[in-house]
Amino acid sequence: MNIFHIVGARPNFMKVAPVLNALKERENVAQTLIHTGQHYDLNMSDVFFQQLGIPEPDVNLAVGSGTHAKQTADIMIRLEPVVVERQPDIALVYGDVNSAVATALVCAKLGVQIGHVEAGLRSFDRTMPEEINRLVTDQLADLLFTPSEDGDKNLRREGIPAEKIFRVGNVMIDSLVRLLPAARKTRTDDLPERYALVTLHRPANVDESATLKGILESLLEVNRDLVVVFPAHPRTRKRIADFGLDAGQLRMLDPLPYVDFLGLQSRATVVITDSGGIQEETTYLGVPCLTVRENTERPITVSIGTNVLVGRDREKLRREMSRVLDGKAKKGAMPPLWDGQAGERIADILSESSGRGISGD
Ligand code: UD1
């Protein structure tokens, strides 16, 4: 069986690593890794490949940044001839990024099977570009690997047949489980024992001056009680500069490598974020997470885990912060199938479906 893996952006890399590893051990499997180049900075891409032990991509489409239409179209145009030439039996896509939807569109029209890892997540907020990507990718996919029961329910409601849906658990947690021991050994200089770790990059939070200014003011307020450490996504750093905003005493850092960031997360007093994956990682780690969004496509982190949605409600952030400072933050539990074995389950399903005819041989 000839399997393509298509990745492009930072949150894809910790998801592809366990699947690549699990499939490496299987018989009659050839794997091709394609990097679309959606993320291209050393600290947004290369360092993740190194730390996660991902091999060099076989193909790099080097599309770079652009508007959504341009980036998605560039990936499609550059990927199509590679798929035509190499004829994969199945293309695996990861998460909700532009690289996933672009690949799904190309492969569906070439009659190549698509497997979607992290299928079925829904924020029900179509102003998020990722929600559009999720909806389209899931409609086109042949094998839908879901992390949790809510994913299965969302897909069934959208008319996806049950036989296409496979609940495999959370593949990103596989990487966390593997690298947490190394992460715990990392140290960041000059950091106090207690600190708040912040990440922000959602267009809805950072692309408008007044919104970003309000969030920075809230963070400066948090910083009076707890040192705020803020490794900033390039988009966010650029917006802060473009809008002439002041991050004051916040400890701004460049984006961190996977293991270093995981170390910081595991020791944080609280994490404040608008990321999807970090809502899950904090739940695994048992660290309180305050999410600067009105909704989440990962509701299990709220119902079972340590996540609280604070949106952009300053009062709510203040309230939740005082609970954290008083030692009364929400205590979470571990969701089912967050056991480090999701990649193996995906490999099992692919091996079985190869026997049933996905393979071209
Ligand atoms: C993408 C994903 C988002 C994910 C995020 C994680 C989509 C629709 N969005 O958003 O779901 O949470 O990645 O980081 O796919 N830039 C650089 N260097 C890079 C990459 C980006 O400087 O290596 C800058 C560019 O100015 C670019 C901007 O960041 O325009 C945004 O990058 P882009 O890939 O368009 O989307 P993200 O915001 O990173």
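Q: Rings of Phe, Tyr and Trp (its six-membered ring) pair if their centres lie within 6.5 Å, and planes under 30 degrees apart count as stacked, over 60 as edge-to-face and the rest as tilted; how many aromatic pairs does a search of the whole structure find?
A: Three aromatic pairs turn up in the search. This is a predicted model, in which local features need pLDDT of at least 70 and side-chain atom pairs count only at pLDDT 80 or more, while totals for chains, interfaces and linings use all residues. Residues are numbered from 1 along each chain as its sequence is written, and side-chain values use heavy atoms, with hydrogens and water left out.

Q: Why is the aromatic pair of Phe 145 and Phe 166 called tilted?
A: Their ring centres are 6.0 Å apart, and the planes make an angle of 40 degrees. That distance is within the 6.5 Å limit, and the angle is neither under 30 nor over 60 degrees, so the pair counts as tilted.

Q: What makes this a tie between separate parts of the sequence?
A: Phe 145 belongs to strand β6 (residues 143-146) and Phe 166 to strand β7 (residues 165-167), so the pair joins parts that are 21 residues apart in sequence. Strands here are DSSP runs of E with at least two residues, and helices are runs of H or I with at least four, numbered from the N terminus.

Q: How do you know that Phe 145 is buried?
A: Buried means under 20% relative accessible area, exposed means over 50%, and partly exposed lies in between (1.4 Å probe, protein chains only). Phe 145 has 1%, so it is buried. Its partner Phe 166 has 18%, which is also under 20%, so Phe 166 is buried too.

Q: Which residues do ring pairs link into a cluster?
A: The cluster is made of Phe 13, Phe 48 and Phe 49. Phe 48 and Phe 49 are also among the buried residues of helix α2 (residues 42-52), together with Met 44, Ser 45, Val 47 and Leu 52.

Q: What do the buried residues of α2 pack against?
A: They pack against several elements, including β1 (2-7), α1 (10-24) and β2 (30-35). Just after α2 comes Gly 53, with a positive phi near 65 degrees.

Q: Which residues does Leu 20 touch, not counting residues up to four places away in sequence?
A: Leu 20, in helix α1, touches His 5, Gln 31, Leu 33, Ile 54 and Pro 55, where contact means heavy atoms within 4.5 Å. With a relative accessible area of 9%, Leu 20 is under the 20% limit and so is buried.

Q: What makes Glu 158 and Arg 122 a salt bridge?
A: A salt bridge needs a side-chain nitrogen of Lys or Arg within 4 Å of a carboxyl oxygen of Asp or Glu. The closest N and O atoms of this pair are 2.8 Å apart, so the rule is met. The two residues sit in loops, 36 residues apart. By this rule the count comes to 26 salt bridges.

Q: Why is Glu 158 called partly exposed?
A: Its relative accessibility is 24%, which lies between 20% and 50%, so Glu 158 counts as partly exposed. Arg 122, at 2%, is under 20% and therefore buried.

Q: How do you know that Glu 221 forms a salt bridge with Arg 318?
A: Their closest N and O atoms are 2.4 Å apart, which is within 4 Å, so the pair counts. Glu 221 lies in helix α9 and Arg 318 in helix α14 (residues 314-325), so the bridge ties together parts 97 residues apart in sequence. Salt bridges that share partners also build one network, with Lys 15, Asp 96 and Glu 118 among its members.

Q: How many disulfides does the count come to?
A: The count is zero, where a disulfide would be a pair of cysteine sulfur atoms within 2.5 Å. Cys 107 is buried, at 0% relative accessibility, and Cys 289 is buried at 0% as well.

Q: What makes the chain as compact as a globular protein of that length?
A: The chain has 15 helices and 13 strands. Its radius of gyration is 20 Å, close to the 21 Å that the globule rule gives for 361 residues, so the description fits. The radius is taken over C-alpha atoms, and the rule is 2.2 Å times the number of residues to the power 0.38. Of the 361 residues, 58% count as buried.
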